Amino acid sequence: MERGSARASLSRDSPARLASPPPPSSSAARMARAPAAASAASAWTLRFLLLSSALALASAASARARKPNVVLILTDDQDTYLGGMTPLKKTNALIAEMGITFSNAYVPSALCCPSRASILTGKYPHNHHVVNNTLEGNCSSKSWQKIQEPFTFPAILKSMCSYQTFFAGKYLNEYGAEDAGGIGHVPPGWSFWYALEKNSKYYNYTLSVNGKARKHGENYSVDYLTDVLANMSLDFLEYKSNFEPFFMMIATPAPHSPWIAAPQYKKSFQNVSAPRNSNFNIHGKDKHWLIRQAKTPMTNSSIQFLDDAFRKRWQTLLSVDDLIEKLVKRLESHEELDNTYIFYTSDNGFHTGQFSLPIDKRQLYEFDIKVPLLVRGPGIKHNQTNKMLVANVDLGPTILDIAGYDLNKTQMDGMSLLPLLRGDANVTWRSDVLVEYQGEGHNSSDPTCPALGPGVTHCFPDCVCEDAYNNTYACVRTLSSSWDLQYCEFDDREVFVEVYNLTADPHQITNIAKTIDQEILEKMNYRLMMLQSCSGATCRTPGVFDPGYKFNPHLMFSNHGTQARRLFTRSL
């Protein structure tokens, strides 16, 4: 962003550059024409004041008439289940207390790249085809760039809604890979592009600055990524056009590993440890084999490691809190805050010791699939909590709706949250969302854990692994007036099923797949099949416990689960 040219442009347009009356030619002439000169000066002063007033009124009118601005802050691996919002005092005060908190916000896949692709496209993974964090899994691949990127919501905002768009931070995990165009690739839809090469870092990284490489080192004052993103965002607000609405997406590295806090925060939360809730450090006795293989109880060294990770994650979030404060203050000082929606969310949750899994995400449980979602903006009442079931596939449709774009022209699977944000009466809303994940594994055995054989990955020294090829599952997460339920099927030889009644069992300790009413089981299986093959409007049809739901048992296969499993494999 060329600051000099922006300032020059402002100078050229300044009312101070307007023509002034010519100077008198002599002292005598000045004395003779003094009354006239005074009159002329007064006239010019009056004209200047009137013009300045007119410009100010025009600017104010333009701001009122302009479409709302939108800011989306996306953190990396921030849970809500384990108190992930606790360190963010400023963010809670400036966004949550000034707007709305969605207490049941979910991601359709508990992994960075598929989840971020869902945000950008408004689609479930089986429709955008990003299934993991690798190029082979379509993460920022050539195929993604060709088929999905031209239709992301930022691309529509820029091309169809005349928004100026700004991106800073982590995009997709494989962005910048040489096999996919390197950092010279700037996705369509971005006026200003400051994207991190590959995965989250805090120091020693490379940014693509509108397609040109900019390397950073390890000097806190100029290189700490969260602060760099804050400064870039403030610069954009300083020098952007004032005659077009803007969209900003700021994607921080925090609280993702390697969990490097800013120097001033490295001693924070010294007495904090990972929560010891009822599913901490227990055996997942009736769960999928990957959960059952975790060693219980965990070793003291494992617990010490995850406690340390938990503290460091919170420490990194304090810099995000500072970023939010600076951003809100700058918007307020520029008189933009009242016309700006600010969204705050994460790409997935996280776990630290639940069911004796040390640290990661990827699993189907609340701690990994549930995320914070806070929104403030025009027309949103303060300090609200909304319990409706929402997902990050809703963000794209919501932002396009705010911009006035006809959502019928998109192929998005999500719903606009705008009626909920406005507090509209009698809103008909969904009662279920789809969660789907394709497991990752290595073809060879982990050398430190040869007994586990091939097919596993992300293994810890005590041979507890966080992922495997057949950790491939799909779930219906249901929340209705009568049920708070999760139904999941695995694509493995067992076609293993997990079902949880979260009203009675909020920590998902007891799998009730073998005891729940068979009719409900069949309906959930059928609903899962439907959602796994849905696209656009068919992803928003009534759920199992909705009045308009229709169930045809004749469409069920006699072999329970086979059709859902085939649909999942084929779609991914």
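Begin by selecting strand β5, residues 192-196, in this predicted model; four of its five residues are buried, so the strand is largely enclosed by the rest of the structure. With β5 still highlighted, add strand β4, residues 164-170, and you will see the two strands pair in the parallel sense over five bridges. Then bring in strand β6, residues 206-209, which runs antiparallel to β5 and is joined to it by three bridges.

To follow these pairings residue by residue, centre the view on tyrosine 194 in β5, which is the bridge partner of alanine 168. Tyrosine 194 also has a bridge partner in β6, namely valine 209.

Next, hide the strands and select helix α4, residues 89-96, together with helix α12, residues 300-333, whose axes come within 8 Å of each other and cross at roughly 35 degrees. As you rotate the pair, note that α4 passes α12 in a left-handed crossing. Display the side chains where the helices touch: on α4 these belong to Lys89, Lys90, Thr91, Leu94 and Ile95, and they meet Asp321, Asp322, Ile324, Glu325 and Val328 of α12. Coloured by character, the residues of this contact divide into five charged, four nonpolar and one polar.

From α4, move to the loop between β1, residues 69-75, and α4, where aspartate 77 is found. The backbone here deserves a careful look, since aspartate 77 has a positive phi of about 70 degrees although it is not a glycine. Is aspartate 77 buried or exposed? Its relative accessibility is 2%, so aspartate 77 counts as buried.

A second residue to inspect in the same way is serine 356, in the loop between β10, residues 351-352, and β11, residues 359-360. Serine 356 is likewise not a glycine, yet it has a positive phi, of about 65 degrees. With a relative accessibility of 1%, serine 356 also counts as buried.

Finish with two peptide bonds that precede prolines. Select serine 257 and proline 258, which are linked by a cis peptide bond with omega near 15 degrees; proline 258 lies in the loop between β8, residues 246-251, and α11, residues 289-292. Where, then, is proline 297 placed? Proline 297 sits in the loop between α11 and α12, and the peptide bond that joins threonine 296 to proline 297 is cis, with omega at about -5 degrees.

Conventions: Residues numbered from 1 in each chain as written. Predicted model: local features only at pLDDT ≥ 70, side-chain atom pairs only at ≥ 80, totals over all residues. Heavy atoms only, no water. Axes fitted to C-alpha atoms, helices over the stretch in contact; angles between N-to-C directions. Left-handed = near helix turned anticlockwise from the far one by under 90°. Contact = heavy atoms within 4.5 Å. Nonpolar A, V, L, I, M, F, W, Y, C, P; charged D, E, K, R; others polar. Buried < 20%, exposed > 50% of the residue type's maximum accessible area, 1.4 Å probe, protein only. Pairing = 2+ DSSP bridges.
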